[in-house]
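Hi everyone, thanks for making time for this one. I'd like to walk you through a structure, so let me put it on the screen.

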Amino acid sequence: MTIRTSRDAVAAAAGYLRWLGFRDVVQPEERPVSGVDLRGPGLVAQVDPSTRPTGLRAVECLWLNGLSAPAVSVFFSLAGYTPEARSRATEIGLPLFVLDLTGTPQPVNGAADDLAAGGP
């Protein structure tokens with residue numbers, strides 16, 4: 001799926017999460033204040049379609065949403081992540097993926113490698 005819009009990026013992430021084995025992955029009608037773009041049983045995911053690297057605050061907010069759910073938190077970004085965001089995600093075990101413009105997710109850290117290898 002070629003990514004042309006932010007909705008395309010969210011759809012690509014949702015398809016990948018379904019492929020990994022997460023069931024009933026849905027996008028809320030309106031984006032909630034939490035910023036979470038996708039939800040499913042035991043899952044919260046966020047997609048950052050911007051052209052700037054995703055920062056620390058976004059990673060930590062998603063992680064906290066996952067803790068309160070309780071759910072696995074997964075982050076997808078088109079532009080990658082700041083060094084601080086990557087470091088924190090490694091500390092807390094939050095899977096980070098980068099989406100290329102063809103919609104193909106690439107694991108960025110060990111938690112993402114583990115999720116891609118084993119699913120939910």
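I'll start with the core, go on to a helix pair, and then stop at a few single residues.

One thing to keep in mind as you look: this is a predicted model.

So, the core. Which residues have the most contacts inside the largest nonpolar core? They are L17, L38, V47, V74 and F76, and the core as a whole has 21 residues. Two or more residues come from each of α1 (6-20), β2 (43-48), β3 (72-77), β4 (96-99) and α4 (110-118). Among these, α1 gives the most, with 8 residues.

Let me zoom in on L38 for a moment. If we skip its neighbours within four places in sequence, L38 is in contact with V10, A13, A14 and L17. The list goes on with V25, V26 and Q27, and then L43, V44, A45 and V47. There is also a second, separate core, with 10 residues, including Y81, A89, L94 and L96.

Now to the helix pair. When two helices pack, we describe them by the angle between their axes and the distance between those axes. Here the helices are α2, residues 56-68, and α3, residues 83-92. Their axes come within 8 Å and cross at roughly 25°. Angles under 35 degrees count as roughly parallel, and therefore α2 and α3 are roughly parallel to each other.

Who meets whom there? On the α2 side we have L56, V59, E60 and W63, and on the α3 side E84, A85, R88, A89 and I92. If you sort the residues of this contact by character, you get 6 nonpolar, no polar and 3 charged.

Staying in α2, please find N65, which sits in that helix. Is N65 buried or exposed? Buried means under 20% relative accessible area, and N65 has 18%, so it counts as buried. And where does its side chain go? The side chain of N65 reaches the backbone oxygen of C61, at 3.0 Å.

The next stop is D48, in strand β2. With the same cut-off in mind, D48 is buried because its relative accessibility is 15%. Its side chain has a polar partner: a contact of 2.7 Å joins the side chains of D48 and S50. Looking beyond residues up to four places away in sequence, D48 touches T54, F75, F76, S77 and L78. F76 has already come up, as one of the residues with the most contacts inside the largest nonpolar core.

Let's move to the loops. In the one between β2 and α2 we find R52. Exposed means over 50%, so R52, at 64% relative accessibility, counts as exposed. R52 and Y81 are 29 residues apart in sequence, and their C-alpha atoms are 8.3 Å apart in space. Y81, you may remember, is one of the residues in the second core.

R52 also turns up among the contacts of A79, which lies in the loop between β3 and α3. Leaving out its neighbours within four places in sequence, A79 is in contact with S50, T51, R52 and P53. A79 counts as partly exposed, because its relative accessibility is 30%. For a distance in another direction, A79 and A111 are 32 residues apart along the chain, and their C-alpha atoms are separated by 19 Å.

Then there is G93, in the loop between α3 and β4. G93 has a relative accessible area of 42%, so it is partly exposed. From G93 to G110 we go 17 residues along the chain, and the C-alpha atoms are separated by 8.0 Å.

I've kept a backbone item for the end. Most residues other than glycine have a negative phi. D24 is not a glycine, yet it has a positive phi of about 55°. Where is D24? It is in the loop between α1 and β1 (38-40). D24 is exposed, with a relative accessible area of 60%.

That's my tour, and I'm happy to take questions!

Technical notes: Residues numbered from 1 in each chain as written. Predicted model: local features only at pLDDT ≥ 70, side-chain atom pairs only at ≥ 80, totals over all residues. Heavy atoms only, no water. Core = buried A, V, L, I, M, F, W, Y, C linked by side-chain atoms within 4.5 Å. Buried < 20%, exposed > 50% of the residue type's maximum accessible area, 1.4 Å probe, protein only. Helix = DSSP H or I, 4+ residues; strand = E, 2+ residues; numbered from the N terminus. Contact = heavy atoms within 4.5 Å. Axes fitted to C-alpha atoms, helices over the stretch in contact; angles between N-to-C directions. Parallel < 35°, antiparallel > 145°, perpendicular 65-115°, else oblique. Nonpolar A, V, L, I, M, F, W, Y, C, P; charged D, E, K, R; others polar. Polar contact = N/O pair within 3.5 Å; in protein donor to acceptor, adjacent residues only side chain to side chain.
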